[in-house]
Amino acid sequence: MFVESYRGSILESRHHVHAAVVNEAGELVAHAGDPDLVTFWRSAAKPFQALPLVEDGVADRFGLGREDLALACASHSSEPAQVALVRAFLRKVGCSERDLMCGPHRPLSEAVAKDYETHGVRLTAIYSNCSGKHTGMLALAKHHGWPTEFYTRLEHPVQQRCLAAVSHWTEVPAKEIGVAVDGCGVACFALKLRSMARAYGRLEGPILEAMMMHPELIAGEGRPCTDMMRAHPGRVITKVGAEGVYSALLTREGLGVALKVEDGHSVASALAMAAVLAELGLRPQPASLTAWPITNSRGEPVGEMRVNGGLVQ
């Protein structure tokens, strides 16, 4: 499977896609490229980093609702309503923005980014797409009586608890999981694609429900994760990760999916995931994800990106 970029009618570049589709029994039922490719899960691991909030009783203790749990799984667009909900989440767990150790960055939504630039909004840690995840980690620390200072360090009990959750749900021993530092400063995990897909195929309970009920919080308006989930309500959850990573769960079929675009191209990964979901029976996919226009500096269409090839079953 490739995502190909055409300028006019001429192929200009090609992005190689590796993917794994795993059933409820943990069996590989379809793939593209190398399903055993080892790569970092990046933000697609967020639901499993959030699971200790449920498993350890954190959500019950602090009265966390579905919106809070969805934000803990999110790579949100920094929309004003999303930021307001993260502030409320922080208050519930007795923390403030000063406790967040994720750095600020330009919003992932181009529309939101341009709006904030126009209005001179000062971006702080709470505007990070990972602020919900970090708030969940602060809540986990508070619940267990662990220090909230430096909760991002790999040796901190919060990060070790998240590693244990990833190990449990992927069924990979912790010592075999590669660990490094993610873009927001916390641990990220290197695994085989089929192991990532296995974890998504097993996902259940309040975290799954929160993601299904609040696709608008998992990403945001005009973002692929939100658009794919809205296209088939209750049928699928999708979660993007940096560097061309995507994961998904088809809820009725019990199929977990994980893919990686080898060169890390983010648009290509969204197009590839939409194509995989369509091949697995979730049709139609949003029109914006069947082909991606390539424009020049005047905004005129001069080509497009589209998927070539499919899964091996």
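**Exercises: cavity, sheet and core**

About 60 Å³ of space lies in the largest cavity. The model is predicted.

**Exercise 1.** Find which helices give two or more residues to the lining of the largest cavity.

*Solution.*
Step 1. Count the cavities: the structure holds 1 of 30 Å³ or more.
Step 2. List the lining: Q49, A50, P52, L53, A72, K133, G136, M137 and L140.
Step 3. Match these residues to elements. Helix 1 (46-55) and helix 6 (131-144) each give two or more residues.

**Exercise 2.** Work out the order of the strands in the open sheet of 3 strands, and name the edge strands.

*Solution.*
Step 1. Take strand 5 and strand 6 (residues 187-192). They pair in the antiparallel sense over 4 bridges. In one of these pairings, A180 has C188 in strand 6 as its bridge partner.
Step 2. Find the edges. Strand 4 (38-40) and strand 5 (178-181) each pair on one side only.
Step 3. Write the order: 4-6-5, with antiparallel pairing.
Step 4. Add the twist. Neighbouring strands are turned by 25° against each other on average, direction ignored.
Step 5. Add the helix. Helix 7 (residues 157-170) lies across strand 5 and strand 6, at about 20° to strand 6.

**Exercise 3.** Place F189 in the largest nonpolar core.

*Solution.*
Step 1. Recall a general trend: in soluble globular proteins, nonpolar side chains tend to be buried together.
Step 2. Look at the core. It has 101 residues, and F189 is among those with the most contacts inside it, along with W41, F48 and L203.
Step 3. Find the largest share: helix 12 (residues 266-279) supplies 9 residues.
Step 4. Check what F189 touches. Leaving out residues up to four places away in sequence, its contacts include F40, W41, L163, V166 and I177.

Notes
Residues numbered from 1 in each chain as written. Predicted model: local features only at pLDDT ≥ 70, side-chain atom pairs only at ≥ 80, totals over all residues. Heavy atoms only, no water. Core = buried A, V, L, I, M, F, W, Y, C linked by side-chain atoms within 4.5 Å. Buried < 20%, exposed > 50% of the residue type's maximum accessible area, 1.4 Å probe, protein only. Contact = heavy atoms within 4.5 Å. Pairing = 2+ DSSP bridges. Axes fitted to C-alpha atoms, helices over the stretch in contact; angles between N-to-C directions. 1 Å grid on protein atoms, 1.4 Å probe; cavity = no way out; pocket = protein on both sides within 12 Å on 5 of 7 lines; lining within 4 Å. Points joined across faces, edges and corners; volume = space filled by probe spheres on them.
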